[in-house]
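Open the model in your viewer and keep the sequence panel visible. The stops below say what to select and what is found there.

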Amino acid sequence: MTTMRPAARQRRRWPRCGQLALVTAALSIAASCNSTVIAPPLPDDPITVFLLHEAMHTGVVFPPPTANDPTGYVEFGFDDWSWYALGNDAWYNVFATVLWPTQGALGRREFGAATPAELRRVAYWVELSPIVVSQPRAQELRQQLQAAFDARLPEARDRQDLRFRFTPCDDSYWLPHNCADTAAAWLQQLGCTVGW
């Protein structure tokens, strides 16, 4: 009997270890995936938006709609409501965040920068990739995202540590549909070609 107990314990550990290894491998593969963004042909009315990337987040930064707009550059991003908006970001919550669909959040962050140089100065901790697109398309998408954000404003949560305000949205967040996928879809709306 005594020789069977370690084997029985070992059999129970392997499935858990195997599952953890599988999840870790899937997360590593997902984290290492890069997409290629090809800007549309130069439009008659060009404007520059920025693809923003930091740690575990990707978003799109839109320029001010007018030269004297006090909000300046504004980022929109798609995230997990519990992880980002509510701050439930302990390591053990990552499994619920990526392995099955959860409540999505539309995030909005103001930079207070009026020019690309100011944006780069105040957002020094992120990677910003400029993409030249059509100004009417960019304004239309920004208005669409702002309207979706405003529609759920009474439910908004502020995260001062992230400099974001989040509202719930109808889309679910998980590994096959995360912030990078949503940013890619937004860039496609702007006429970009996105490939994995």
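**First stop: two loops**

Select Ala55, which sits in the loop between strand E2 (46–54) and strand E3 (57–62). Keep in mind throughout that this is a predicted model. Ala55 is not a glycine, yet its phi is positive, at about 40°. Is Ala55 buried or exposed? Ala55 counts as exposed because its relative accessible area is 77%, and the cut-off for exposed is over 50%.

Now go to Arg163, in the loop between strand E7 (157–159) and E8. Arg163 is a residue other than glycine with a positive phi, near 65°. Its relative accessible area is 48%, so Arg163 is classed as partly exposed.

**The whole chain**

Zoom out and colour by secondary structure. The protein chain has 6 helices and 9 strands. Of its 196 residues, 37% count as buried. Switch on the surface: the protein chain exposes about 11500 Å², and carbon and sulfur atoms supply 57% of that area. Among contacts in the protein chain with a separation of 6 or more, 73% are between residues 24 or more positions apart.

**The end of strand E6**

Select Ser134, which lies in strand E6 (residues 127–134). Ser134 has 15% relative accessibility and therefore counts as buried, the limit being under 20%. Which residues does Ser134 touch, leaving aside those up to four places away in sequence? Show Pro43, Asp45 and Ile47 as sticks; these are the residues that Ser134 touches.

**The cavity**

Keep Ile47 on display, as it also belongs to the lining of the largest cavity. Add the rest of that lining: Phe62, Pro63, Pro64, Pro65, Ala138, Gln139 and Arg142. The structure holds 1 cavity of 30 Å³ or more. The space in the largest cavity comes to about 50 Å³.

Which helix gives the most to this lining? Helix H5 (residues 135–151) does, with 3 residues. Colour the lining of the largest cavity by class and you will have 6 nonpolar, 1 polar and 1 charged residues.

**The second largest pocket**

Next, select Leu145, Ala148, Cys169, Asp171 and Trp186. Of the 16 residues that line the second largest pocket, these lie nearest its centre. The elements giving two or more residues to its lining are H5, strand E8 (164–173) and helix H6 (179–189). H6 supplies the largest share, 5 residues.

The volume of the second largest pocket is about 300 Å³. Its lining contains 8 nonpolar, 4 polar and 4 charged residues.

**Last stop: cysteines**

Stay with Cys169, one of the residues nearest the centre of the second largest pocket. Cys169 counts as buried because its relative accessibility is 17%. Then select Cys192. With a relative accessible area of 6%, Cys192 is buried too.

How many disulfides does a search of the whole structure find? The search finds 0. To be counted, a pair of cysteine sulfur atoms would have to lie within 2.5 Å.

Definitions and conventions:
Residues numbered from 1 in each chain as written. Predicted model: local features only at pLDDT ≥ 70, side-chain atom pairs only at ≥ 80, totals over all residues. Heavy atoms only, no water. Buried < 20%, exposed > 50% of the residue type's maximum accessible area, 1.4 Å probe, protein only. 1 Å grid on protein atoms, 1.4 Å probe; cavity = no way out; pocket = protein on both sides within 12 Å on 5 of 7 lines; lining within 4 Å. Points joined across faces, edges and corners; volume = space filled by probe spheres on them. Helix = DSSP H or I, 4+ residues; strand = E, 2+ residues; numbered from the N terminus. Nonpolar A, V, L, I, M, F, W, Y, C, P; charged D, E, K, R; others polar. Contact = heavy atoms within 4.5 Å. Areas by Shrake-Rupley, 256 points an atom, 1.4 Å probe, with all protein chains shown as cover.
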